[in-house]
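Let's take a friendly walk through a protein model. Have a look at the picture before reading on.

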Amino acid sequence: MVTEVERLAGQLVDLAGMGVDVSDYGNGPRAGGIRRMDAAGGYFFFLVAPRDHLIVIVRIMPPFHDL
């Protein structure tokens with residue numbers, strides 16, 4: 001799960017580095033601009049802070065059968 005989240009986050013960073021607005025990716029926005037993206041049967045929440053050149057992974061939720 002963590003490896004998949006790292007891979008997807010890396011792709012978001014690469015896209016942002018090419019000038020793509022990644023704040024439209026994933027599902028959302030939720031309160032505070034947090035977005036959700038599916039990964040490896042689970043999902044993770046992330047926040048895009050374009051002024052600070054940051055993509056912040058807020059929470060990783062594994063598949064429910066793994067809890």
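This report looks at confidence, then at a helix, and then at a core.

## How the model was made and read

This is a predicted model, in which local features need pLDDT of at least 70, side-chain atom pairs count only at pLDDT 80 or more, and totals for chains, interfaces and linings use all residues. Residues are numbered from 1 along each chain as its sequence is written, and side-chain values use heavy atoms, with hydrogens and water left out.

The mean pLDDT (the predictor's confidence in each residue, from 0 to 100) is 88 for the protein, and 99% of the residues reach 70 or more.

## The two sides of helix H1

Helices (H or I, at least four residues) and strands (E, at least two) are DSSP runs, numbered from the N terminus. Helix H1 spans residues 2-17, which makes 16 residues.

Which residues of H1 are buried (under 20% relative accessible area with a 1.4 Å probe, protein chains only)? They are Val5, Leu8, Ala9 and Leu12. These four lie on the same side of H1 because they cover an arc of only 100 degrees around the axis, taken from the directions from the helix axis to the C-beta atoms. The face turned away from that buried side carries Thr3, Glu6, Asp14 and Gly17, which are exposed (over 50%).

## What the helix packs against

The buried residues of H1 pack against strands E1 (35-39), E2 (42-49) and E3 (54-61), where contact means heavy atoms within 4.5 Å.

Val22 touches Leu12, Phe46 and Ile55, among others, not counting residues up to four places away in sequence.

Methods. Expected span 1.5 Å × (residues − 1).
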